[in-house]
Amino acid sequence: MKDYILRAAGIKKSFGGVEALKGVDLEVGRGEIHCLAGENGCGKSTLIKVISGFHPADSGTIELDGKQFTRLTTAEAIERGVQVIYQDFSLFPNLTVMENLAITMELSNKRKLINWTRMRSIAQEAMSKIGFKADLTERVENLSIAQKQLIAVCRALLYNAKLIIMDEPTTALTKKEVRALFTVIKNLQADGIATLFVSHKLDEVFEIATRWTIFRNGNNVATGNTSELDDKKFAFYMTGRNFDEEAPPPQPDRSKVVVEFDRLSRGGSYQDISLNVYSGEILGITGLLGSGRTELMQTLFGLTRPDSGGIKINGAKARIRSIKDAIALGIGYVPSDRLTEGLFLPQSIGRNMIVSSLQRFAGQCAMLDMKAMNSEIARWTKELGVNTSDTEREVKTLSGGNQQKVVLARWIANNLNVLILDGPTVGVDIGSKYDIHALLRALSAQGLSVIVISDDLRELLACCGRIIVMRDGRIERELQSSATTEAELGEIAAGNF
Ligand SMILES: Nc1ncnc2c1ncn2[C@@H]1O[C@H](COP(=O)(O)OP(=O)(O)O)[C@@H](O)[C@H]1O
Ligand SMILES: [Mg+2]
């Protein structure tokens, strides 16, 4: 029989009228790495709080390390080896690394004097367990998010954790930091410590988890081994929607050149670029770091200037010396890091949608026409399928995919000739990714030119008619999506052709 560290069965939990959990099950084997997935609001965090004794369940049972509970307290959960690393890590920012690691242990000894030598050795031991190095006297507020997370892991180990639960641990990490965290999780597994981690990202599930469970709307949808999962199934379980093959991109109108690059060069960024982008075309651009693809598009958007060569928009020579010039010419740009560059997070969803077209709503005396503004916001929310009941809410409350739709709405609300998207679906859930691609097709069918910069070759093949591969600042090759493959594109970008 399988040895479980956690078995939760038939867990129900309501908040007022909201049924967050409608009778879910979750089993995690000893030393197992288990991924819990599901769209925002499906009940993942609530279940974690039930397992850790923070919320009492309305009904259902929880078995931890062989012992069954109907009413679990936080002390009992900790005693059975459950440790949760919340998104804010619950660290004390103004204390040092050493104090964060050792102070609760030291205080619980009920001695009057704090023994600094003991604290230092407790902290060092915890850090050495996962091979983590940091200056013990550094204040935690000065550390990076990834370092704080590892300190939280160290602290969990001090409590003899048998199951470490991480609620969306990778959202704020770089790829390299995610790798490092995964190494730590695998090392913990080698010591028999199980990890339950929440993620929406299929590639992460494949990389780290042996088993997975997916929730939807407070229900268990499916659970299984990673080896039995593929992206279609994952998408279906997450959203309840079936994602058919995507429709092909619309045919561009080759008689209308919207953007023309004419022998454009800029220092070490890109050289001698000549390229036409047509009306109604979705053009893909890829290339490795240093290929010049992003720099080229930043020039089109007025963020940098070329040394030589020219750009024409709709056949007319364009002077693009600033973002303002670019916007006036109907050029839109959605940067790759929408969270820092693209959105005003504390502002409302509605405001974020129309911020770049606010001028249009300004009447005499600089008063905003609120009625026109609100109807525009309502129109875009509906047209783009932004999943929110209230556009007055802060935009940061939306999922990544829905935030991206808000960024798109902002640009489309302007009258555009060309829309540049840098990594339009990075970190976006599959349902939103599919919606965003469909939206790009609909826009280009109306004559808009779309330029998609992406590393995701499958994405480029799915939504672009033509793909440009750049390398070392030059256009290496131009291909029709219908006549190439992911493997070929990758080889060309790497210079192996
Ligand atoms: N403390 C709470 N009070 C009221 N409603 C809550 C509370 N915590 C969660 N909810 C609601 O329960 C549902 C599930 O939320 P949550 O477990 O946070 O989802 P997830 O972590 O999967 O995104 C949501 O509708 C959320 O609004
Ligand atoms: Mg959550």
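Here are some questions and answers about this predicted model.

User: Happy to start with the ligand! Which element gives the largest share of the shell around ligand 1?

Analyst: Ligand 1 has around it Phe15, Val18, Ala20, Gly38, Asn40, Gly41, Cys42, Gly43, Lys44, Ser45 and Thr46. Two elements give two or more residues to this shell, strand E2 (18–29) and helix H1 (44–51). The largest share is three residues, and it comes from H1.

User: How many residues of that shell are charged?

Analyst: Let's split the shell by type. Four of its residues are nonpolar and six are polar. The number of charged residues is one.

User: Which strands stand at the edges of the open sheet of four strands, and why is one side of each left without a neighbour?

Analyst: The order in this open sheet is E2-E1-E4-E5, and the pairing is antiparallel. From one strand to the next, the twist averages 15°. Each edge strand has a single partner strand, so one side of it has no neighbour in the sheet; these strands are E2 and E5 (67–69).

User: Inside that sheet, what is the bridge partner of Arg7 in E4?

Analyst: Strand E1 (residues 4–15) and strand E4 (residues 59–64) run antiparallel and are joined by five bridges. Looking across to E4, the partner of Arg7 is Glu63.

User: At about what angle does H1 run to E1?

Analyst: H1, which gives three residues to the shell around ligand 1, also meets the sheet. The helix lies across E1, E2 and E4. Its angle to E1 is about 115°.

User: Which helix gives the most to the largest nonpolar core?

Analyst: This core has 67 residues, and those touching the most other members are Ile51, Leu163, Ile164 and Ile165. Setting aside neighbours within four places in sequence, Ile51 is in contact with Leu6, Ala8, Ile62, Ala77, Val82 and Ile165. The helix that gives the most to the core, with six residues, is H5 (residues 145–158).

User: Now for Glu295: why does this residue count as partly exposed?

Analyst: Glu295 sits in helix H9 (residues 293–300). A residue is buried with 20 or more other C-beta atoms within 10 Å, and exposed with 12 or fewer. Glu295 falls in between, because its count of C-beta neighbours inside 10 Å is 19.

User: How far apart in space are Glu295 and Arg305, C-alpha to C-alpha?

Analyst: Not counting residues up to four places away in sequence, Glu295 touches Arg266, Ser269, Tyr270 and Thr304. Arg305 is ten residues from Glu295 in sequence. In space, their C-alpha to C-alpha distance is 9.7 Å.

Key
Residues are numbered from 1 along each chain as its sequence is written. Chains are lettered from A and ligands numbered from 1 in the order in which they are written. This is a predicted model: local features need pLDDT of at least 70, side-chain atom pairs count only at pLDDT 80 or more; totals for chains, interfaces and linings use all residues. A residue is near a molecule or strand if its C-beta atom, placed from the backbone, lies within 6 Å of it. Ala, Val, Leu, Ile, Met, Phe, Trp, Tyr, Cys and Pro count as nonpolar, Asp, Glu, Lys and Arg as charged, and the others, Gly among them, as polar. A nonpolar core is a set of buried Ala, Val, Leu, Ile, Met, Phe, Trp, Tyr and Cys residues joined through C-beta atoms within 7 Å. Two residues are in contact if their C-beta atoms, placed from the backbone, lie within 7 Å. Two strands pair if DSSP finds at least two bridges between them. Axes are lines fitted to C-alpha atoms, for helices over the stretch in contact, and angles run from 0 to 180 degrees between N-to-C directions.
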